Amino acid sequence: MGLFKKKRRKFPVDFSKAVKEQEQEPKVKNDKLSKVLVLNIKRFEELFHYPTNDALKFRKLFLPSIERKATVLFVTGTVNTQLINDHIIRPLIESTQKPTDKSDLINEVKNNILTISGGKIISTFDEAVQILLNGSTVILIDGEQYAIAVDTTGFEKRSISESTTETVVKGPKSAFVESAEVNLSLIRRQLKDHRLITEVVTVGNEAPQEVSILYVNNIVDDQLVENVKKRLSEVNRDAILTLSVLEELIEERPYSLFPSCLSTERPDRTCSLLLEGHVVLLMDNSPDALVMPVTFWSLFHTAEDQFLRWAYGNFARIIRLISLLIAMLMPAIFLAVTTFHPEMIPTDLMLAISGTRERIPFPTLWEIILMEVTFEILREAGIRVPTPLGATIGIVGALILGQAAVEANLVSPILVIVVSITGLSSFAIPDIGLSVIVRILRFGFLFAANFLGFIGIALGLAALLAYSTSITSFGVPFFSPLAPYSPSSHDMFWRSTISRQWLRPLSMNPKQKVRAKPKGDTNS
């Protein structure tokens with residue numbers, strides 16, 4: 001038999017050699033542009049692998065106003081061609097205005113001939129390539145060592161629509177899209193403050209992407225801004241495509257269940273967090289904003305809490321808190337009561353539960369795990385299948401499979417009720433990340449209850465609270481301003497009326513700690 005055994009071929013990876021080979025690949029050097037137009041065009045052809053890559057487009061012109069040859073370059077699919085034709089090419093070939101300062105022809109063309117704003121002077125191929133890939137147009141003039149870059153962005157983008165994951169009954173309906181420029185416009189439309197700062201940094205070594213850092217200068221802690229910039233500068237990847245990938249690269253605890261950043265697709269919620277002293281990141285290809293730091297209350301609250309009246313908003317929070325506890329602890333409590341503490345429930349109910357489980361062949365733990373895993377499969381299937389089939393999957397899973405499992409004596413009827421209530425409660429949790437955390441912790445509490453009953457649940461809760469109160473997000477404790485306590489507007493489990501929310505959370509160390517004068521304060 002040994003003669004017929006195939007030896008497994010090993011493919012050892014020499015990482016040092018691989019890195020060395022990768023470093024030897026041709027890259028965009030920080031070379032200066034040449035005064036010779038033909039040499040510049042040839043260099044761009046090499047960088048974009050022209051003509052194999054047909055994305056780079058050239059338009060050769062003669063400028064009668066300065067009697068020079070010129071070339072207009074842009075990357076197809078990233079620009080608005082109508083804008084290029086009307087405001088760049090036509091003015092260049094039709095203008096007969098003689099330059100007043102022939103020693104500075106580049107600025108003469110940019111300021112006096114082009115009929116589009118947003119132009120700037122560039123001097124290196126590195127700048128030119130990045131600008132071309134971001135949707136700008138580059139103008140090269142023979143005899144000049146500088147080029148003109150004009151913003152002509154024309155990326156296709158979807159129209160603004162309602163939020164799909166953070167829906168509200170009352171309040172703004174608009175949500176972010178995959179364009180950072182549009183998202184920034186939505187934020188500035190709501191937060192009309194000249195102190196709202198937008199800084200742009202670049203991440204990615206091979207395919208650079210621009211990331212916009214937003215903060216309100218007179219509120220945010222400067223140390224927080226520097227911390228965010230430092231982590232962005234430490235990102236060492238060839239390409240960062242979305243904010244979801246960037247989030248994992250800059251967060252403090254990649255293996256932790258608790259996040260270090262908050263993802264939201266609502267401009268109104270983003271603006272309210274900016275006014276509390278948070279920092280926001282925007283990026284192309286991401287229909288959301290990344291907010292940091294994050295606390296438990298940011299995950300627990302919804303935008304609608306402040307739009308509803310005081311009583312309605314607090315009632316919704318109470319229901320949400322009950323749902324969170326049910327989704328995390330109800331299966332574990334059911335297991336603990338039926339296995340370790342049957343004396344805690346009325347005798348008639350205990351006899352009824354025992355009667356329904358008389359013909360069930362599995363222990364209670366495996367019965368619950370079977371139902372919980374089945375529910376998670378149905379949840380995942382409902383997300384992945386095409387939209388018209390989503391309702392069908394839910395009906396088939398909830399009615400047919402549940403009823404068939406009860407009739408086949410695989411699970412007890414009361415357990416179907418317990419798992420159904422648990423699943424519905426998890427849907428009431430507003431943040432997707434918090435919902436996933438609760439769903440994972442549910443299994444941990446289930447095993448704890450199987451070993452020690454209510455004592456195991458208590459020990460698990462103590463360990464969870466100890467861990468969650470010890471972690472921080474960009475220097476801010478996860479459960480602040482409750483633990484450790486610091487002054488705030490007490491907008492946590494219960495919120496006051498808006499007129500009484502005059503203090504920002506001091507755990508964020510904001511420059512301006514007061515939003516407005518307290519109600520009844522008449523002092524100037």
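Two strands are taken as paired if DSSP finds at least two bridges between them. On this basis the predicted model can be described through its sheets, the helices packed on them, the nonpolar cores and the enclosed or open spaces. The secondary structure of the protein comprises 18 helices and 12 strands. Of the 524 residues in the protein, 43% are buried. Among contacts with a separation of 6 or more, 66% join residues 24 or more positions apart.

One open sheet is formed by 5 strands in the order β6-β7-β9-β10-β8, with antiparallel pairing. Because β6 and β8 (262–264) stand at the edges with a single partner strand each, one side of each is left without a neighbour in the sheet. From one strand to the next, the twist averages 25°. Strands β7 and β9 (residues 279–283) run antiparallel and are joined by 4 bridges; within this pair, Val211 is placed opposite Met283 of β9. The antiparallel pairing continues from β9 to β10 over 3 bridges, and here Val280 faces Val291 in β10. The hairpin of β9 and β10 has 5 residues between the strands, and in this hairpin Asn285 adopts a positive phi near 75°. Strand β10 is also joined to β8 by 3 bridges, again in the antiparallel sense, with Val291 of β10 as the bridge partner of Leu262.

In a regular strand, side chains alternate between the two faces of the sheet. Strand β10 shows Ala289 and Val291 pointing one way and Leu290 and Met292 the other way, and all are buried. Helix α9 (residues 267–274) packs on this sheet and touches β6, β7, β8, β9 and β10 (289–292), with its direction at about 140° to that of β8.

Another open sheet, likewise described by 5 strands, has the order β1-β2-β4-β5-β3 and antiparallel pairing. Its edge strands are β1 (56–63) and β3 (120–122), each of which pairs on one side only. Neighbouring strands of this sheet are turned by 25° against each other on average, direction ignored. The edge strand β3 pairs with β5 (residues 147–151) in the antiparallel sense over 3 bridges, and Ile121 has Ile148 in β5 as its bridge partner.

Several helices are associated with this second arrangement. Helix α3 (residues 81–94) packs on the sheet, where it touches β1, β2, β4 and β5, and its direction makes about 30° with that of β1. Helix α2 (residues 37–47) lies across β1, β2 (68–75) and β4 (136–141), and runs at about 15° to β2. In helix α4 (residues 105–113), the residues Leu105, Ile106, Glu108, Val109, Lys110 and Ile113 are buried. These buried residues of α4 pack against β2, α3, β3, β4 and β5.

The largest nonpolar core contains 57 residues, and those with the most contacts inside it are Ile187, Leu274, Phe296, Met328 and Phe445. Helix α12 (residues 310–339) provides the largest share of this core, 8 residues. When neighbours within four places in sequence are left aside, Met328 is in contact with Val438, Leu441, Arg442, Phe445 and Leu464. A second, separate core has 23 residues, including Leu232, Leu243, Val279 and Phe474.

Empty space in the model was examined next. A search of the whole structure finds 1 cavity of 30 Å³ or more. The largest cavity has a volume of about 60 Å³. Its lining consists of Ser65, Ile66, Gln97, Lys98, Pro99, Glu108, Val109, Asn112 and Ile113; of these, Glu108, Val109 and Ile113 are also among the buried residues of α4.

The second largest pocket holds about 1100 Å³ of space. It is lined by 37 residues, of which Asn134, Thr153, Phe155, Glu210 and Asp284 are the closest to its centre. At least two residues of this lining are supplied by each of α5 (125–133), β5, α6 (180–190), β6 (196–203) and β7 (209–216). Strand β7 gives the most to the lining of the second largest pocket, with 5 residues.

Key: Residues numbered from 1 in each chain as written. Predicted model: local features only at pLDDT ≥ 70, side-chain atom pairs only at ≥ 80, totals over all residues. Heavy atoms only, no water. Axes fitted to C-alpha atoms, helices over the stretch in contact; angles between N-to-C directions. Contact = heavy atoms within 4.5 Å. Core = buried A, V, L, I, M, F, W, Y, C linked by side-chain atoms within 4.5 Å. Buried < 20%, exposed > 50% of the residue type's maximum accessible area, 1.4 Å probe, protein only. 1 Å grid on protein atoms, 1.4 Å probe; cavity = no way out; pocket = protein on both sides within 12 Å on 5 of 7 lines; lining within 4 Å. Points joined across faces, edges and corners; volume = space filled by probe spheres on them.
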